[in-house]
Each structure stands twice: as C-alpha cells, then as structure tokens.
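The exercises below ask you to read a structure step by step, and each task is followed by a worked solution. Keep the sequence and the model open beside you while you work.

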Amino acid sequence: MATPFIELKNVSKNFVLESGTEIRVLKDINLSLDQENLIAILGPSGSGKSTCLRVMCGLLKPDSGDVLSNGKPLEGTNYDVALVFQSFALFPWETVYNNIELALSPLKLPEREARARVKKAIDLVGLEGFEEAYPRELAGGMKQRVGIARALVMERPILFLDEPFSSLDILTADTMRWEMVNIWQSKNTAVRTMVLVTHNIQEAVYMAKRILIMGSNPGHIRAELVNDLAYPRDENGPAFRRMVSRIHELIAESVIPDMTTPSAYTATSMIPKVVREPPIETIPNVQIGAVIGLVEAITDQGGTADIFELGPKIGKDYGTTLYMVKAAELLDLVDTPKHMVILTDLGRRFVDGDINVRKRVLHELFGALKIVQLTTNLLRIEETLRIQIETLTERVSEWLPNENPHQIVETLVSWGRFAEYFGYNDDTKEVYLDVGQETL
Amino acid sequence: MAKDLLDLHGFKTDEVFDAVDNFIMSVNQNNLKRARIMTGKGTGVVKKVVIDYLKQAKYPWQYEKLSNGKNNEGVLVVFLD
C-alpha cells in the first residue's frame with residue numbers, strides 16, 4: 001500500500017482562551033489521508049474539524065502526537081497542500097488574474113510557465129472572461145471559483161476544502177460540488193486527494209468516498225464510513241438516502257444518546273461510584289427562544305416528530321436542530337427514543353400554559369440542572385448574592401474542563417434570565433441571584 | 001506586493017483568519033523567517049482577529065518599530081521560526 005499523504009497519530013490540541021483557560025479541542029486523533037481519494041471530514045460546529053485540517057497543513061502544531069507527511073515528520077507548513085477557504089479571502093484590490101497568479105509567487109516560476117498555469121486554472125473553473133474583474137464585481141460562486149483556481153494553480157497533490165460551499169446559495173453550491181468531483185476524477189490536474197471539511201451530511205455523501213465523522217467535546221473521530229456509491233450520485237436514490245440516514249443516526253447517537261451516560265469529563269469522576277453525584281451537564285449553545293419554538297413545532301405535529309425531518313420544518317440545519325433537541329431534552333421538555341422526539345408531560349404543560357405558567361415550569365426545570373444548582377450555591381455564599389461573570393466563568397471551566405466556559409456561561413445566564421433564576425448587570429459585569437429585586 | 005507583507009486593508013473581518021492562513025502557508029514556502037501583517041488601525045477588530053490568530057498558533061510577534069523608536073501599531077511583525 002502506498003504511504004499515506006498525511007497521517008495523524010494520537011494528535012491532541014488545546015487552545016488557550018482569552019481568560020487564560022485552556023480547553024482541549026482535539027483528543028487522540030488518528031487518521032490517514034490515503035492517495036487517490038476524496039475524503040470528507042464531517043462534524044457539527046465545534047467538533048474541531050477545521051483545527052484538524054489546520055494541523056494537517058502545519059498551520060497549527062499539536063500539543064501531543066505526531067503529524068507525518070509522506071511518512072516523515074512534518075516540519076513547517078505542508079508543501080503538498082493547497083487550501084480553499086470558506087470566506088474566499090481574495091485580495092480585494094487585485095484582479096481575478098492577479099489573485100490567482102499571486103499564489104505562485106513562492107515558486108519563482110519563469111513568467112511564461114506561470115502564465116500557462118494561471119490560464120489552465122482559469123479554464124478548469126470556468127473563469128474565462130473574468131480575468132480583469134475585481135472580487136467586488138463577482139457573486140459568491142464566482143469568488144469561490146477564484147479561490148479554487150488559486151489553489152489549483154499551485155499544482156499540489158492534496159487539495160483541502162474548508163467548508164467551501166457554505167456561504168453560497170443552494171443552486172450554486174450544488175453545481176460546484178459536482179464540478180469539484182469532476183476535477184478530482186479528471187487526470188487533468190495535480191490533485192490526487194481532495195479533503196472536504198463540512199457540517200453538511202448531504203454534501204459529504206454526494207462528494208466523498210471516505211467519510212470521517214467527528215464528535216465534540218473534545219473533538220475526536222467518532223466513525224468512519226466508506227461510500228462506494230457510483231458517480232454521479234442521485235440524492236433521491238434509496239442507497240444515497242440510506243447512507244444519509246446512517247450518518248444522521250451516528251451523529252444523533254453522539255449528541256442525544258438514548259441512555260444518559262455520565263460524561264468521562266465530569267467534575268465528580270474522582271468520587272467513588274457509590275456516592276457519585278449526578279454529572280454536571282453541559283448546556284448546548286442555543287437560545288431558549290429557539291428551544292420554545294422547537295417545542296411548539298413538535299406540538300403542532302401532534303407531539304411527536306422524526307428528528308431527521310425536524311430541521312427543514314423549523315428552517316435549521318441538522319447540527320443546530322440536534323443541539324436544540326438536546327437542550328429541550330436536558331430541560332425534560334422532550335424525550336428522544338431512537339430518532340423520534342416526543343413531548344413529555346411537562347413539555348405539554350409548558351406548551352399549554354400562558355407566559356406565566358411557562359416561566360414557572362421553566363424555573364422549576366432549570367433549577368433541576370446540576371450546573372444551575374452549583375451556580376446558585378456560588379451566589380448564595382456571597383453576602384450580596386452576586387459575583388463577577390469572570391469568576392463564574394473560571395468555576396465553569398473547572399466543572400467542565402473540556403468545554404468553552406464563556407459560551408456555557410453566556411447560555412446559562414441567558415436561560416437563567418428567562419427562567420427568572422439569575423440576573424445580569426452588564427455595567428458591573430455581575431451575575432446575581434434573581435430574588436425578585438433588581439438591586440440587592 | 002512584497003512577499004513578506006500581507007496588507008489586510010479592504011478585507012472583511014470574517015475573511016481575515018483565512019487570509020492569514022493563506023499568507024502563512026505562502027511565507028513558509030518562501031522560507032521567510034519573518035513576515036509582516038498590515039492590519040491598519042481602524043476600529044481595531046481586524047488587528048484583534050490577527051493577534052488572536054497568532055496567539056492561538058503560538059507565533060511570536062511584535063509591532064513594527066518606527067525609525068523614531070516608537071511602535072507602528074498598524075503593522076505586526078511575525079516570527080515564523
């Protein structure tokens with residue numbers, strides 16, 4: 001078997017937040033990018049897939065583990081790689097032609113060869129006639145064609161695509177997915193292996209032959225699937241839909257498991273089993289208004305919904321929908337046997353009630369969360385019943401060391417305000433216990 | 001444009017991270033050990049994104065020194081070794 005282009009061996013990566021808190025974003029990643037393949041790295045936002053890609057590029061060094069390029073330790077950035085970015089990142093004051101040609105500057109090619117390469121890249125992505133245009137004159141799809149040409153012109157064997165179509169309209173994105181598969185299949189470019197980073201399940205199944213599914217907190221490879229469907233792939237075909245459903249289920253299992261298992265990263269994991277307290281649950285980063293909207297949408301469907309069909313109905317992508325469902329489940333408003341989402345009795349009481357009943361129910365459910373109880377205890381020991389938000393953030397980073405504490409505190413306070421549990425004063429940056437008075 | 005300089009004037013905030021990625025790849029392949037990123041002063045948002053990027057990727061950096069010994073806070077010098 002040929003040596004893989006890139007291998008990650010037990011790679012872990014931490015980031016230090018502005019507050020000084022260190023969070024683990026990748027844990028024990030093992031993967032290899034084989035030659036002649038189209039690979040998708042698929043995962044919800046926050047699963048570390050872009051970080052993983054940047055480690056493979058050599059743009060980030062792992063805190064532990066090895067990165068190999070063609071079997072040898074990677075030093076500096078990876079010379080075999082060209083990158084296509086989500087945001088295009090074109091020079092606004094340079095023409096299309098110059099934006100592409102600038103990518104060649106490190107290679108110091110004779111002018112004639114450079115010109116021939118740029119022309120070929122422009123032909124490959126269909127930019128003829130736009131050579132003298134400036135990025136501001138182009139629609140998103142055309143800008144991304146420039147981004148792709150800028151990567152192709154470098155003639156590298158590995159092409160990384162980091163969420164390349166997520167800021168394009170649906171039709172343009174569809175067209176470009178097929179064009180990228182064609183570019184990979186053709187022997188007309190230097191690209192041997194294409195790696196797509198995406199949160200879009202359909203996109204991964206449409207394009208990739210190998211799909212690596214990442215999970216969160218911290219980012220890890222959860223599963224790997226081989227996708228042998230023949231090109232061009234029919235998104236409405238039964239085999240395509242089976243593959244999509246399988247991935248839906250794999251992701252759903254990780255975000256909202258049927259059995260609540262204590263997290264491996266709970267603050268109580270050192271306490272012997274017999275006296276172990278319930279784990280501290282993380283709070284999904286979704287607005288409480290969105291959770292209420294979700295619960296109402298499920299009610300409109302008779303109190304039961306298929307999780308795979310919910311997203312399009314509420315206008316959210318699958319990842320966001322899953323986190324909304326997870327939040328509703330955390331609050332006991334819904335239950336999620338397999339891929340069904342069913343309103344609980346409490347959920348019905350909540351939906352049927354007026355705003356005051358809803359607030360009361362939410363107050364009760366919110367107060368049952370371990371993280372809320374810990375926060376309440378923290379506030380109660382203060383004479384003023386208030387603490388600096390930074391202090392709370394520090395404590396949350398101790399309770400949930402692998403999560404982004406700023407995000408959790410933001411959600412905790414936002415939910416707490418709605419449930420009339422906590423208050424927050426933005427002038428003093430203090431979180432306080434809501435006992436019915438603004439000032440204590 | 002000088003090979004060791006990334007001028008971020010005109011870039012939108014959400015493009016900055018990707019633009020710096022692209023620049024660092026290019027600078028490394030030019031075997032340059034030192035590069036400059038011109039953020040301008042403006043509202044400071046672009047500069048903050050760049051500084052966050054450099055901290056995250058652990059690249060040492062400092063402001064460019066002017067001939068009068070003061071810092072030019074619109075240009076960051078990045079050390080890539």
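**Exercise 1. Describe the hairpin of β3(B) and β4(B), starting with the sense in which the two strands pair.**

Solution. The model is a predicted one. Begin with the pairing: in chain B, strand β3, which covers residues 61-65, and strand β4, which covers residues 71-79, are joined by five bridges and run in the antiparallel sense. Next, look for residues that face each other across the pair, and you will find Lys65(B) opposite Asn71(B) of β4(B). Finally, turn to the connection, where five residues lie between the strands and Gly69(B) adopts a positive phi near 90°.

**Exercise 2. Work out how α1(B) and α2(B) pack, and what kinds of residues make their contact.**

Solution. First locate the helices of chain B, with α1 at residues 13-29 and α2 at residues 45-56; their axes lie 9 Å apart and form an angle of about 35°. The crossing of α1(B) and α2(B) is right-handed. Then list the residues on each side: α1(B) brings Thr13(B), Val16(B), Phe17(B) and Val20(B), while α2(B) brings Val45(B), Val46(B), Val49(B), Val50(B) and Tyr53(B). Sorting the residues of this contact gives eight nonpolar, one polar and no charged.

**Exercise 3. Which kinds of residues does chain A present on the side that touches chain B?**

Solution. Start with the residues that take part, which are 18 from chain A and 18 from chain B. The residues on the chain A side divide into twelve nonpolar, five polar and one charged.

**Exercise 4. Decide whether the radius of gyration of chain A agrees with that of a compact globule, and describe the chain as a whole.**

Solution. Take the expected value first: for 440 residues, a compact globule would have a radius of gyration near 22 Å, and because chain A has 25 Å, the two agree. The C-alpha trace of chain A spans about 75 × 45 × 45 Å along its principal axes. Chain A contains 15 helices and 16 strands, and 42% of its 440 residues count as buried. As a last step, consider the contacts in chain A with a separation of 6 or more, of which 68% join residues 24 or more positions apart.

**Exercise 5. Find where the cis peptide bonds before Pro218(A) and Pro232(A) lie.**

Solution. Recall first that most peptide bonds are trans. The bond from Asn217(A) to Pro218(A) is cis, with omega near -10°, and Pro218(A) sits in the loop between β9 (210-215) and β10 (220-226) of chain A. The bond that joins Tyr231(A) and Pro232(A) is also cis, with omega about -10°, and Pro232(A) belongs to the loop between β10 and α7 of chain A.

**Exercise 6. Are Glu420(A) and Asn31(B) buried, partly exposed or exposed?**

Solution. Both residues have a positive phi without being glycine, about 55° for Glu420(A) and near 60° for Asn31(B). Glu420(A) lies in the loop between α15 (405-418) and β15 (422-425) of chain A, whereas Asn31(B) lies in the loop between α1 and β2 (34-38) of chain B. Now count the neighbours: Glu420(A) has 15 other C-beta atoms within 10 Å and is therefore partly exposed. Asn31(B) has 9 C-beta neighbours inside 10 Å, so Asn31(B) counts as exposed.

Terms used. Residues are numbered from 1 along each chain as its sequence is written. Chains are lettered from A and ligands numbered from 1 in the order in which they are written. This is a predicted model: local features need pLDDT of at least 70, side-chain atom pairs count only at pLDDT 80 or more; totals for chains, interfaces and linings use all residues. Helices (H or I, at least four residues) and strands (E, at least two) are DSSP runs, numbered from the N terminus. The radius of gyration is taken over C-alpha atoms; the globule rule is 2.2 Å times the number of residues to the power 0.38. A residue is buried if 20 or more other C-beta atoms lie within 10 Å of its own, exposed if 12 or fewer, and partly exposed in between; C-beta atoms are placed from the backbone. Two residues are in contact if their C-beta atoms, placed from the backbone, lie within 7 Å. Ala, Val, Leu, Ile, Met, Phe, Trp, Tyr, Cys and Pro count as nonpolar, Asp, Glu, Lys and Arg as charged, and the others, Gly among them, as polar. Two strands pair if DSSP finds at least two bridges between them. Axes are lines fitted to C-alpha atoms, for helices over the stretch in contact, and angles run from 0 to 180 degrees between N-to-C directions. A crossing is left-handed if the near helix is turned anticlockwise from the far one by less than a right angle, and right-handed if clockwise.
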